[in-house]
Amino acid sequence: PSLKVVMAFTLKAYCATQELTGMDIEATPLSGVMLIKPRVFGDDRGFFLESWNHRAFAEAGIPNDFVQDNHSRSRRGILRGLHFQTQQTQGKLVRVINGSVFDVAVDLRSNSATFGQWFGCLLSAENKTQLWVPPGFAHGFYVVSEFADFLYKCTDYYHPESELSLAWDDADVNIQWPLVDGEAPELSDKDANALSWSEVPKFDL
């Protein structure tokens, strides 16, 4: 069987055993990128969920050696990304605790079966879904709510000297962003001058 079939079968079997961990971990179309959907237990007092479980993540193949937690707040129409580091490459576990964003990962690994492909999903305070983005990907998000608080755990430290951006609107990658009222997003100066797909360095991980 193909690698994709084996991965899908393994994750399906794994998810079937997750009754004790309080979360479901699902494969996405991109090799190594996973959706983490916590089981939420709520009543009239509020709710409880597991946002991280060392054993469950390890069994799903998600590293547990996070070294840095980050929190950003952005208003509607802001797009941050698509960022990556050529040194101290980072895996990121991302989620939203207020508002909602369209979150995107692009595979920069030249030896990957999904090289050059992208995956996007809605992360929100309502759905409480997390996305695991392994090293070797460009990552970014676009805010679709009035404001959004975005949290992410990283497997290596921020290294500004090697951080680069892939252009959000690169024609070769062709990400379908859900732009509010069809208007162009608000970008940082760095992201406004991001590299094209043909210009960005690729990884061999």
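A charge sits over a ring if NZ of Lys or CZ of Arg is within 6 Å of the ring centre and within 35 degrees of the ring normal. Keep that rule at hand for the last exercise.

The model is predicted, so local features need pLDDT of at least 70 and side-chain atom pairs count only at pLDDT 80 or more, while totals for chains, interfaces and linings use all residues. Residues are numbered from 1 along each chain as its sequence is written, and side-chain values use heavy atoms, with hydrogens and water left out.

**Exercise 1. Salt bridges**

Task: find which side chain meets K37 in a salt bridge, and where the two residues lie.

Solution:
- Start with the rule: a salt bridge is a side-chain nitrogen of Lys or Arg within 4 Å of a carboxyl oxygen of Asp or Glu. The count by this rule is 8 salt bridges.
- The partner of K37 is E26, at 3.4 Å from N to O.
- Now place them: K37 is in strand β2 (residues 34–38) and E26 in strand β1 (residues 23–27), 11 residues apart. Strands (E, at least two residues) and helices (H or I, at least four) are DSSP runs, numbered from the N terminus.
- Last, check accessibility, where buried means under 20% relative accessible area, exposed over 50% and partly exposed in between (1.4 Å probe, protein chains only). K37 is partly exposed at 33%, and E26 is partly exposed at 31%.

**Exercise 2. A buried partner**

Task: decide whether E163, which pairs with K190, is buried or exposed.

Solution:
- K190 and E163 form a salt bridge of 3.2 Å, N to O.
- K190 lies in helix α3 (residues 189–192) and E163 in strand β13 (residues 163–165), so the pair ties together parts 27 residues apart in sequence.
- E163 is buried, at 16% relative accessible area, whereas K190 is partly exposed at 38%.

**Exercise 3. Rings**

Task: classify the ring pair F66 and W132.

Solution:
- Rings of Phe, Tyr and Trp (its six-membered ring) pair if their centres lie within 6.5 Å; planes under 30 degrees apart are stacked, over 60 edge-to-face, and the rest tilted. The whole structure holds 6 aromatic pairs.
- The centres of F66 and W132 are 6.2 Å apart with planes at 75°, so this pair is edge-to-face.
- Both F66 and W132 are buried.

**Exercise 4. Charge over a ring**

Task: name the ring under the charged end of K128.

Solution:
- The ring belongs to F47, and the charged end of K128 is 4.5 Å from its centre.
- Likewise, K202 lies over the face of W197, 4.6 Å from the ring centre.
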